Each structure stands twice: as structure tokens, then as C-alpha cells.
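Reader: I am a first-year student, and I would be grateful for a close look at one chain of this model. Could you please describe its build and then turn to the nonpolar cores?

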Amino acid sequence: MSPLLSVAGLVVDLPSPAGVLRVVDGVSFDIPEATTVGLIGESGSGKTMTANAVIGLLPGGAVLDGALRWRGEDVLRADPGRRRRLRGREIAMIFQDPLAALNPTQRIGRQVGEILRRSGMRRDEVRRRVVELFDRAGIPEPSRRLRNYPHEFSGGMRQRAMIALALAGNPALLLADEPTTALDVTVQARILRLLRSIQRDEGLAMLLVSHDLRVVAHVAHQVVVMYAGRVAERGPTSAVLSRPAHPYTRALVQSVPAVRTRTAIAHPLPGAPASPARRPAGCAFHPRCPLARERCRSEQPVVRQVADGRWSACHFAGEVSRS
Amino acid sequence: MIEVRELTVKFKRFVAVDDVSLSVAADETVGLVGESGSGKTTVARAIVGLQRPDSGTITLDGVRLGPVARRPKARQRAIQMVFQDPRSSLNPLMSVASIINEAWRTHPDSAPTGDRTMAVHRLLEDVGLDPSVARHRADELSGGQCQRVSIARALAVKPRLLVCDEAVSALDVSVQAQILRLLVDLRRRHRLSMLFISHDLGVVHQIADRIAVMRGGVLVEEGPATEVLGSPRHDYTRSLLDAALELNTHHGEVGK
């Protein structure tokens, strides 16, 4: 079966005072139907730019190359009307800061119902559907709460309202960019559980962008690890996290501060994440890599299959779990 | 060494900190954990003297501390703070060397007697920075480098207690691990006491000997780190632990 969305050799160039920056450099991965893919990376990894390219929300002057295939159709080269219909309907989004995405002067129920009204649904049907969506998103007393304004909702409730709004268009793919980063841990756990159950029950595909490996580990079936605008590694989440095939993934896993083990600070990586503006030659990770040798400094590794379903951009992928 | 007793801080009628008692012994690191609005930052601000308590006392070696402006210089510098956002807590246009020299101007009794340039270099090396960083302006540095400079500035005046308020929360996870490691090493090298405030139980666990948990201005539980995390007594601590995500649980388990 062909994937719902196929990202193939995606390149994003952004103009900057220092010249053109290649913020995404040849990224490929698939999102199969009804599957959650986690896109993980630190600052400068290009994860958000990759996600923005998928929904067509890049800053002005951005130049793209490669292909984005939505059910086989190349949407990167589709006309703007087609792209607009795709965004918000077939692909819906939720962000880190729901307050920035919600209109402060409009009742939340009205905002969630907007897309339904525009599709010609009758008023009483819209209301019934909005109550359903609120209920699905876990907002208590939906028929009362839909009259509230965004500022009357707590952070967690606002994110639930965003989820209701995203579901209103009956999307096939939900793009969630750091959806729980601004929330307290107890609220985060509840929102992640909600996203998981919605994904499963509605048969949605989800692209979850996060800097937090712990979030991705709990929600994503597959994970794409990005570094300096490129894919470092991708594969099934549990396999990637338990047996990384890239030294960067291994370091990320080891750096995660756990409540039950005290290992995060044992062997910290040196240096800072590489930025697209100063991307080292060869393998961009080599200056921080404990396995780096001559070949890594000169030859840029290609992303290759290293095991069933497992892809790595390390010349020495086979050594990662052994060393 | 530092002792907070029955501290209460109100903002108008809102009780931000409600009768909190907490102490940090010499060479000890205490982790203070809580969600937003728990009052943990207000406790920190009261300890460094930036927040006047409505009632309760804060003592250093048994001597009561007032607001920062009324503290004798030696007691001001004994307690230093490292903030969450390293970029906004450093003047972006000042060189790293002048940032550190400024700390010595404020607290001349902690200033080195010999060559100050050499002293700056030693201090930077102590926090894992190359001495050449001294010439750079803060806005030329990465987030992790800025946080190391903030720590160097705090150490420059030879404090006894370092109060770290979400000091690693804004950093990339690979850099976060470096800074936590640095704090653990510095603590040992300089025999520092530390009050380490974070919303992240996992982060606190990497560094704290004891952990105190706050909720809604109240300290709900306090004890050795292994006990608080291993067998929490308070329901709220248990719910924080349930919500804390781990890597090694199976896909599909978010809390309970």
C-alpha cells in the first residue's frame, strides 16, 4: 500500500543576511495511513521547517526542492488552490501555543464550527457536531464550554479546543508541532493520551514534531531523528530507541533525564547542535561523535537501509550498538 | 547552612508560598520540584532577597537575612542565582570578560589579587569554556555557552549557595546533560550547596540529594531523592511520577 504522505529528497533553502541557508537538506520519510511518525531533533535540526513544508507554511522567499506526495499526488507542485484545500481539511494542525492560533475575540464553539458552517452544514447540525467534537477532545460540559472565549480556558483546555478544531475538518493527517511543550507534566500526560486515543480510534495519521524524545517514545510508531537539516536515522520507535543505529540517536537516548535512572549526565556529548549556517563537512555530526574518523570528516554519508525497516546515515552504523 | 522557616509570601490576596520550611545543608543539593504556579520560584526569590516575605525567616548560618539591599555584601555574594534564560540574563553587548569583571566590581572582596585576565581565563576553564570566549560578546555565544558564562559569573564571587531556577530547562537535551554534569562537578570542586529548581523530575533526579515537592504554594513532601522518587508518600508526588515520561516504558503507556 502506498503511504499517505511521502517526503522524498525534500530541500528547503531560506534567504538570510549571510546568504542562502539550506535548512532542510534532502529529507526523506513516509507517513503510512493511520500511523504516528515522530520527528525529533534539537535546535537547527530542521524538524519544524520540514513540518512547515508539509503543510505549505514556509516563510516568504523559501525555495523548495524534492517531492511531497499526498496519496501519490505531487502537492509541492500543485496549484495554490489545491494546496489550500489540502491544508486545514485533509491535513490539520495543532501547535505549541494554542492561544496564538485561536481568535481571542470569538467564542471557541464558533471557531470550531467555522469549517462546518462553510461546508454548508445546517446551524443545529453544526452545534450538535461541535458538542461532539468538544466531547471527543475531552472538554467537560461541552454545551456550556462552547460559549467560552479562549482566555477563559486553561492551557490544557485550549490545547483540547485546538484538537477539536483540527478534527472538525475530518482530516487524514494531524500535524502536531510541540503540542505539549508549554504544558505542565500532568496535563502533558493527559493530552498525549488523548492524542493517542484519537489517532487510534479515528484511524488518523499523525506527524508529531518534538524536541523531547520522551514524548515521541510514548506516542509515535515510527521515528525520524534529524540533525542539522538531515535525517540521521529512522525506523520503528521501540527499535530505534532500544538499539540506535546512529551515534547521535544513542547520545540523545542517553541524555534523557530519567526519573528512575541517573545516567543522563554520565557521558554528555561535547559541543552544541550544528546549525545549518555552519554545517560541518562530511557527516555534520562528526565534531561531536565518539566514533568519528577520517571518512566521517570528508564524505557525507547517505541514508541507507541497515536492517529491516531501519535506515541510518552513519558510515559505521553497525558499530553503534556494539561500541 | 541556609534555613527557610515558615515562609509565607502573598501577592495581594493570593498566597504564593504558604508556610514553607526548607533547609539546604553545607555541600548538599536540594531539588525543588513543582508545576507552574506551585510557588517554587517565589521561594528562590525570597532566598536571594528579591522577594520580601510576608512572614517567616530565612537564615544563613543562623543569621537572619533581610531583603537583598539590606544584606551585608558578604552575605549578598554568599547566595548567587542562575536563571532559566541565559540570553536575557546576560547583557548581550558586553564581553564575557567585562561581565565577570562587573561581578568583581560589585563584590571587591571576592576579586582576585593578581592578574584579572588570567583569573577570568581560569574561571572560564573551570566552567568548561575556552579562554578565548572572554573576548566574545554574549550575543555571539550559543545557549549552552551563555549558561556556562552565567555560572562563571555566579562562581566569580565565591558563593556558598547556588540557586538554579530552571537553569537547564531552555537548553537542548544534549547540552542540558553537559550543564547538569558541569554543576555536579563544580559542586564537588567548590564544595557548593545548591538549591536546584525544576519542573522536570527527571532533571532533578540527576543532581539532587534531597527533593522537596511543592504544589499550590505548599510543600507537600520532602526527603532523600531516592525515597521521594522510589516510594512517594504524597498523592501529588505519585501523580507527578505517573505523569513523568520515561523512554523504557512500552509504547502506549502514558501514565496510567
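Author: Chain B contains 9 helices and 10 strands; these are DSSP runs numbered from the N terminus, helices being H or I with at least four residues and strands E with at least two. The model is predicted, so local features need pLDDT of at least 70 and side-chain atom pairs count only at pLDDT 80 or more, while totals for chains, interfaces and linings use all residues. Residues are numbered from 1 along each chain as its sequence is written, chains are lettered from A and ligands numbered from 1 in the order in which they are written, and side-chain values use heavy atoms, leaving out hydrogens and water.

Along the principal axes, the C-alpha atoms of chain B fill a box of roughly 55 × 45 × 30 Å. The radius of gyration of chain B is 19 Å, which agrees with the value near 18 Å for a compact globule of 256 residues; the radius is taken over C-alpha atoms, and the globule rule is 2.2 Å times the number of residues to the power 0.38. Of those 256 residues, 56% are buried, that is, under 20% relative accessible area (1.4 Å probe, protein chains only).

In general, nonpolar side chains tend to be buried together in soluble globular proteins. A nonpolar core here is a set of buried Ala, Val, Leu, Ile, Met, Phe, Trp, Tyr and Cys residues joined through side-chain atoms within 4.5 Å. The largest core has 69 residues, and Phe134(A) and Ile163(A) touch the most other members. A second, separate core of 61 residues includes Val82(B), Ala103(B), Val213(B) and Val228(B).

Technical notes. Buried < 20%, exposed > 50% of the residue type's maximum accessible area, 1.4 Å probe, protein only.
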